[in-house]
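Biologist: Pick one part of this model and take me through it closely, please. Keep it relaxed, but spell out the cut-offs as you go.

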Amino acid sequence: MSTPLEGAFASMKAERRTGLVAFVSGGDPTLERSADVIRAIDEGGADVIEIGVPFSDPLADGPEIQRSSERALRAGATLRGVLDLVGDLRKDVAAPLVLFSYANPVVRFGVEAFAARAAEVGVDGVLLLDLPLEEAGPTRDVLVGRGLAPIFLVSPTTTGARVRKANDLGKGFLYAISRLGVTGARDQVAGDARALVDRLRQDATLPIALGFGLSRPEHIRDVGKYADAAVVGSALVAQVARYGQSPALADEVRGFVRWLREGASA
């Protein structure tokens, strides 16, 4: 029996379309409104939803996502609160849900306790951005033991040996960073993104979702020529920032995701 993430990528392949992985910070602008945002992303047609756990000392988050974390933290969001948020909305959301966090909050929560709670509320996958591959085995085993897919990042500087290790330890998909540096919407897809994915294919069997810098339908169409899915984060987070105090927040987010999804297929 396939997992929700495996099923999502199998559907994309069967339908011959590029998947849309949407990132948003959990608890932004508040936990209550964040639930409306995540439901709207699902209704807009995202194939996978990544929920960022707000963290005070990010490494790879660009300005938009840093500010979204700050808004969520000011509103009282915590890892426990984000897990409760998933539990509250899980029944309303069809797309697989992936928690995107740094290792520190999870270690402080307790890896075993985190995995148990994440599985209980309906999380499907976990990506710990700064968890070194060399030290990932024990955490990976705990996650897999609870039915959670461990997801790993690979970048233009990841060697073939490390790609194979990330592929062997991971489940669901590999998250490929299209460019070095921090997240943030760009005008164009990185020029060497296709070469990166082609190289990763030589050492990986998992589906590949490409992210960092993607913000428009044409970006997704471009990425779909060589990757399985495109990840849009900062541009979506910017929509939450723009309409965070407006009654139209959920409508605007739903419309933005629908624009990405339908435009990518045009």
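Modeller: Let's start with two rings: F9 and F173 are both buried, where buried is under 20% relative accessible area, exposed is over 50% and partly exposed is in between (1.4 Å probe, protein chains only). Bear in mind that this is a predicted model, where local features need pLDDT of at least 70 and side-chain atom pairs count only at pLDDT 80 or more, while totals for chains, interfaces and linings use all residues. Residues are numbered from 1 along each chain as its sequence is written, and side-chain values use heavy atoms, with hydrogens and water left out.

Now the rings. A search of the whole structure turns up 6 aromatic pairs. One of them is F9 with F173, a tilted pair at 5.2 Å centre to centre with 35 degrees between the planes. F9 sits in helix 1 (residues 4–14) and F173 in the loop between helix 8 (160–169) and strand 7 (174–177), so this pair ties together parts that are 164 residues apart in sequence. Next come F100 and Y175, whose ring centres are 6.2 Å apart with planes at 65 degrees, so that pair is edge-to-face. F100 belongs to strand 3 (residues 97–101) and Y175 to strand 7, so here the parts tied together are 75 residues apart in sequence. For the record, Phe, Tyr and Trp rings (the six-membered one for Trp) pair if their centres lie within 6.5 Å, and planes under 30 degrees apart are stacked, over 60 edge-to-face and the rest tilted. Helices (H or I, at least four residues) and strands (E, at least two) are DSSP runs numbered from the N terminus.

F100 is buried at 10% relative accessible area, and Y175 is buried too, at 5%. Ring pairs link F23, F100 and Y175 into a cluster.

E50 brings these rings into one picture. Among the residues E50 touches, not counting those up to four places away in sequence, are F23, F100, F173 and Y175, along with V98 and V231; a contact means heavy atoms within 4.5 Å. E50 is in strand 2 (residues 48–52) and is buried, at 0% relative accessibility. An unreviewed UniProt entry annotates E50 and D61 as "active site", with positions in the numbering used here, feature names shortened, and the caveat that annotations may be inferred rather than shown by experiment. D61 is in the loop between strand 2 and helix 3 (63–74), and at 10% relative accessibility D61 counts as buried.

One more spot deserves a look: D28, in the loop between strand 1 (19–25) and helix 2 (31–44). D28 is buried at 1%. Beyond its neighbours within four places in sequence, D28 contacts S34, V37, S68, R71, A72 and V240. With R71 there is a side-chain to side-chain polar contact of 2.8 Å, meaning a pair of N or O atoms within 3.5 Å; within protein, one must be able to donate a hydrogen and the other to accept it, and residues adjacent in sequence count only if both atoms are side-chain atoms. The bond from D28 to P29 is a cis peptide, with omega about 0 degrees. Most peptide bonds are trans.
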